[in-house]
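Please work through the following exercises with the model open beside you, and try each task before reading its solution.

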Amino acid sequence: MARTLFVTGTLAAEALEEVLRGLEDVVCWRIEVMPITVAALMTVEWIAERLSLPEECDLVVLPGLVRGDPAVLAERLGVPVERGPRDLKELPRRFGQRMELRGYGTYRTRIVAEITNAWTLDAAALLAAARVRAAAGADIIDLGGPPKEPYPRVGEAVSLLKREGFSVSVDSLDPETLNEASRAGADLLLSVHAGTLDKVSSDCPVVVIPEPETDMTSFHRCLERALARGLSVVADPVLDPLLFGFSESLVRFAEVRRRYPGMPLLMGVGNVTELVEADSVGINALLAGVAEELEVDYLLTVEEISWTAGSIRELDLARRLMHYAGSRRMLPKHLVGSLVVAKEIPFEEYTEEELRRIAAKVRDKNFRIFVGEGRIHAFNGERFVSGTEAGELFPALGEVDAAHAFYLGRELERAQTALRLGKHYVQEEPLRFGYRNDRHDP
């Protein structure tokens with residue numbers, strides 16, 4: 001094995017070591033950490049003035065973003081010097097390996113999945129709704145009650161789910177509803193505020209929220225009162241919708257985390273995903289990353305409106321991705337790709353010139369279909385056709401039998417979808433839609 005010296009800056013050193021530990025069977029490595037934080041700020045000349053080569057070294061690998069000609073450093077050191085990939089997580093490919101994601105899948109944040117109309121459901125429907133949410137990744141099933149009114153027979157609903165092994169929370173502004181839920185064995189009570197705090201008695205954690213139109217000082221006083229009563233407190237400074245105080249609400253979360261470093265936090269991400277007419281997957285990934293940074297303990301979500309379908313699963317995948325990357329000081333990219341759904345992870349396309357060279361060697365009548373350079377290309381031993389619409393290409397393929405026509409129509413339609421969405425098209429392979437393709441789940 002080549003004795004290889006990897007050069008990096010202080011910021012990426014820990015992440016580089018994590019990657020190289022998975023390559024010990026194929027490379028004998030050592031890391032040289034240069035006195036600079038960001039490796040991309042280094043130049044070959046700057047490195048040459050500071051790098052001392054170990055006695056036994058066969059190869060030096062520089063960060064991919066280092067500026068300058070590696071040959072300059074190679075001449076000075078007397079050993080080969082090459083530039084590594086721009087993203088260090090691509091490094092295993094340089095040695096013919098895939099990166100081993102040791103420890104991937106753990107998380108710190110628990111998902112609370114709300115059943116918004118729980119109080120209207122019978123026992124069978126309530127159990128079915130809970131099972132669907134738990135299967136998607138929810139840790140706690142949240143029972144939503146009627147707005148500003150008592151939740152009828154909430155104790156029975158809690159007991160039903162507890163007997164089935166679920167962890168249960170209840171969200172209500174009615175103190176008696178919360179007390180009944182606590183007596184029935186609820187695991188978490190939402191949403192206690194200054195006006196109801198003294199009326200709630202609970203052995204399980206209570207989620208304390210600010211009263212509307214109050215400042216943070218009064219919220220902090222409420223938290224202190226709850227702690228003084230000996231309650232187990234979870235703080236929820238309330239995540240506001242985009243354009244209605246979202247940025248300021250993030251400041252509130254950061255302030256509570258700074259002021260109460262050990263206090264659990266709950267963040268209601270549904271306040272954002274439900275109120276933005278956009279696919280939820282990217283928004284959930286972003287909010288899971290914020291939660292990881294702020295050490296948020298609970299994420300409350302809901303899948304009430306169509307564009308939030310799959311939010312529980314998305315948060316489950318996102319919390320694992322963010323925890324893995326965050327705990328290793330890595331960027332959350334080039335790891336599993338399961339949250340790239342509507343768009344695509346990087347891939348290489350054939351140029352038309354390359355495809356025409358391939359087509360020149362084909363002798364049979366079976367069509368090969370590719371997508372590249374903004375067009376669909378189909379060819380066999382007799383013809384080469386290109387276009388942007390399946391309906392445009394199909395007539396140009398010539399006469400084909402019924403079975404072959406069905407096959408080509410399906411493939412051309414899939415190729416057209418790939419072209420429009422920027423997807424990687426491979427003939428006879430399904431398009432990749434991240435976690436929506438079960439086979440791509442991590």
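Angles under 35 degrees count as roughly parallel, over 145 as roughly antiparallel, 65 to 115 as roughly perpendicular and the rest as oblique. The model is a predicted one.

**Exercise 1.** Determine how the axes of helices H11 and H12 are oriented to each other.

Solution. Begin with the axes: those of H11 (residues 280–294) and H12 (residues 311–327) come within 8 Å and cross at roughly 40 degrees. That angle falls in none of the three named ranges, and the two helices are therefore oblique to each other. The handedness comes next, and H11 passes H12 in a right-handed crossing. On the H11 side, the residues making the contact include Ala285, Ala288 and Glu292, while Leu315, Ala318 and Met322 are among those of H12. Sorted by character, the residues of this contact comprise 6 nonpolar, 5 polar and 3 charged.

**Exercise 2.** Decide whether Val60 is buried or exposed, and list what it touches.

Solution. First locate Val60, which lies in strand E3 (residues 59–62). Its relative accessibility is 0%, and because buried means under 20%, Val60 counts as buried. Leaving aside residues up to four places away in sequence, Val60 touches Leu5, Val7, Leu51, Leu53, Leu77, Val79, Pro80, Val81 and Glu82.

**Exercise 3.** Establish how many disulfides the structure holds, and examine Cys28 and Cys204.

Solution. The structure holds 0 disulfides. For Cys28, the nearest cysteine sulfur is that of Cys57, 9.6 Å away, whereas for Cys204 it is that of Cys222, 16 Å away. As to accessibility, Cys28 counts as partly exposed at 37%, and Cys204 is buried at 9%.

Note on methods. Residues numbered from 1 in each chain as written. Predicted model: local features only at pLDDT ≥ 70, side-chain atom pairs only at ≥ 80, totals over all residues. Heavy atoms only, no water. Helix = DSSP H or I, 4+ residues; strand = E, 2+ residues; numbered from the N terminus. Buried < 20%, exposed > 50% of the residue type's maximum accessible area, 1.4 Å probe, protein only. Contact = heavy atoms within 4.5 Å. Disulfide = S-S within 2.5 Å. Axes fitted to C-alpha atoms, helices over the stretch in contact; angles between N-to-C directions. Left-handed = near helix turned anticlockwise from the far one by under 90°. Nonpolar A, V, L, I, M, F, W, Y, C, P; charged D, E, K, R; others polar.
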